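Thanks, everyone, for making the time this morning. I would like to talk through two sheets in this model, strand by strand, so please keep the structure open while I speak.

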Amino acid sequence: MTSKPVQYAEIVVDIPLNKKFHYGIPEELGNRLEAGHLVRVPFGTRTITGYCVGFTDTPDVKKIKNIKQIIEGVPRVDEGILKLTKWMASYYRCGWGEALSAAMPGGIKKGAKERRVKSARLAKSVDEIKNEIGLISKRTPAQAKLLSVMLEDNADMTAKELLTRAGSTAPALAKLAERGLVELFETAPLCDDVLLQPSQHTKAVVSDDILSDEQKDAIGKINDFLSNGKFGVILLQGVTGSGKTEVYLRAIAIAASLGMCSIVLLPEIALTPQTIRYFQTRFAKIAVLHSYLTDANRRKQWKRIKDGDVDLVIGTRSAVFAPVKKLGLIIVDEEHENTFKQDTVPRYHARDVGVMRAMFSSATAILGTATPSLESYYNAMTGKYSHVVMSRKIGKMAPTLIETVNMEVEFKETMGFRYLSRRLEDNMTKALERDEQIILFLNRRGFAPFINCRKCGFILKCKSCDITLTYHKKTEKMVCHYCRAEQLPPKNCPECSMANIKYQGFGTERIEEAISRRFPEQTILRMDSDTIKEKDAYQRMFSAFHNREANILLGTQMIAKGLDFENVTLVGVLSADASLNIPDFRSSERTFQLLAQVSGRTGRGEKGGLVIIQAFDTEHYSITRAVKSDYDGFAKEELEFRKQLNYPPFGRIVRAVFLGKDEKRVIEKAHLLTSKLKYCAEMRSRQISVLGPAPASISKIKDKFRWHTILKAPKITLLHDIINDSNLDREPVAGAQIYIDVDPANML
Ligand code: ADP
Ligand code: ZN
């Protein structure tokens, strides 16, 4: 008879190294330890938290240390998430432990790490304990009492409750543990507060017989995918108002009827109480996950999801890791949004992780949007994804007219500068006369984006960042929009001391002032991150506009979606080409998407709508195509441009960023590692290009200098290869950090 080989645990920890560490399993853990458990392990001189990801009988070190304990009261990570995070680690070049940490959000782990309570459970059988009580009741009554209280419930109990109920003391309990009758352990405190009020489950708002043909087709297609139980991705490209949400709701219902759970991912700003309520009216068993949840609530939601108590999980980026039992459907709404990409480690894209998760679970993924990312669109064109198009708005909506005003011509004709073109101003006046509402969009907050000296040309920049300071009039401060540093506006030029400071350009604050001067009798709502700092401010403004307490709403991109009011008949875009000038290969795509989204804020009712786009470069294809609401035409031109330069979706990009306070070291490091990369690229394939190093567009943030190198290749695996070859992510870096961003969403 051969004896079973000794098993060792494979543990990953939250460090930037994709490596499994081997640990012994102490006897007292017996066979309780499973893959997915959160454990405490000795690591160097410290004890840290790690995840058990598997077992081995061939440890890679001689002197093996033991696991200290399993952390109780924390949900075990299931196999699917282990697989997914393993993929993330290798794809996004991070530690498996780092990926797992992202999958176990704040409260879940925190419950384990920080707020833990001592708990106790019986370690022997009921009969043995009864026997023991008889034996010791005379000699050590305190211990006997503890045991009898524990017998009453025969369940895990916090030490505090136990001691109170038994009227006993901690040393007595410790003694019982020492004698092996009781097991002491630490657990997350149990919480009973409920996040959601039980919701009213109502019938479908849209009855079957009024579904549009396009909706029926889309639902039919999704039904096929769900019933055949194989992995598949559907790009649902539907114009604003085509009724995508109804399609989602039907799809979720189909999945639920097949006993499967759905996850809906929304961009942060779209997850409003209105949206949640909308889903709640249709599904009773729903869990919500977002960043504002208290730790206790998040744990509660997780437990419900894990126990299979919900049909639907709705949440922001990290909800992609929701521990659902049987996943049927992942819906990523507004899939083109770059808020799905996390800009800290692990730098994952929730859409792409969602698609992988669907693949590992043989589930269906639906990517919904009016303006697909070029990546998803290309995947649909090449047949990798199914493509479902909904091109018509629901119901009797009057058409939306979109037109442009060239501001250069406008300035010439009016012989001067103005914020609002005559065309926009006239139409505002008309709309207000008819008591209709107006939305004005400007993606820049503050009063003036920079100040300069008219005499010597000096421009005031942040001391810690390579960014101009924005003047905020209400607070009378110059503010850095990157590090939030503030200073008083200088009276005289800090350079030449002349009193010649000029406040240049305009942000929402300045426009608000200009409009209230032009329309003094109007109430103006301004929505940007300065005005919605207070809790509920967004909701208050939303309701005020909804109740028509104001007819003009001015704001940054937070007003670009979700505001669907029939009475809005005019939308003005004040500086449409501002986003075109951002040095990023996606700037045209972003501009088109933004214009399409903002335009969708009108034309919701029978009154129709007018959109006026003010810009200098009115001939740019992002703008001309937006005017025609022609996504496909835009995509065609943009794909042509991407193809020429091998940008995504044709090529894949990895960005290596070098950071540090000592500029010289950063430059040195950037050069050293980039030449190494160039060497490795040459050895591998001619298809890889390594561009750089160069200072990043924003060459300093928070006192750290920034350089970057761009790696490009037709296949991501080639880039993974040269990162491996060059040891890039493992390079010890004194005086300079390096991070790797796979599929970067932002090149600044
Ligand atoms: P999208 O998300 O595609 O922009 P929505 O899902 O917001 O569009 O749908 C627009 C509006 O039309 C919503 O108020 C929705 O309740 C309504 N709606 C959806 N489908 C139908 C339908 N078949 N008949 C009537 N109204 C519908
Ligand atoms: Zn700054």
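In this predicted model, 3 strands come together as an open sheet, in the order S19-S20-S21, and their pairing is antiparallel. Strand S19, which covers 470-472, and strand S21, which covers 486-487, stand at the edges with a single partner strand each, so one side of each is left without a neighbour in the sheet. If you look at strand S20, residues 477-479, you will find that 2 bridges join S20 to S21, the two running antiparallel. To place one of these pairings on the sequence, take Met478, whose bridge partner in S21 is Gln487.

As general background, the strands of a sheet pair through backbone hydrogen bonds, and they may do so either parallel or antiparallel.

Let me move to the other sheet, which is also open but is built from 6 strands with parallel pairing, in the order S16-S26-S25-S17-S24-S23. Its edge strands are S16, at 400-406, and S23, at 524-527, each of which pairs on one side only. Neighbouring strands here are turned against each other by 15° on average, with direction ignored.

Within this sheet, strand S17, residues 437-441, and strand S25, residues 568-573, pair in the parallel sense over 5 bridges, and Ile438 has Leu570 in S25 as its bridge partner. Which helix, then, packs on the sheet? That is helix H18, residues 587-599, which touches S16, S17, S25 and strand S26, at 609-615, and the direction of H18 makes about 155° with that of S25.

Key:
Residues are numbered from 1 along each chain as its sequence is written. Chains are lettered from A and ligands numbered from 1 in the order in which they are written. This is a predicted model: local features need pLDDT of at least 70, side-chain atom pairs count only at pLDDT 80 or more; totals for chains, interfaces and linings use all residues. Side-chain values use heavy atoms; hydrogens and water are left out. Two strands pair if DSSP finds at least two bridges between them. Helices (H or I, at least four residues) and strands (E, at least two) are DSSP runs, numbered from the N terminus. Axes are lines fitted to C-alpha atoms, for helices over the stretch in contact, and angles run from 0 to 180 degrees between N-to-C directions. Contact means heavy atoms within 4.5 Å.
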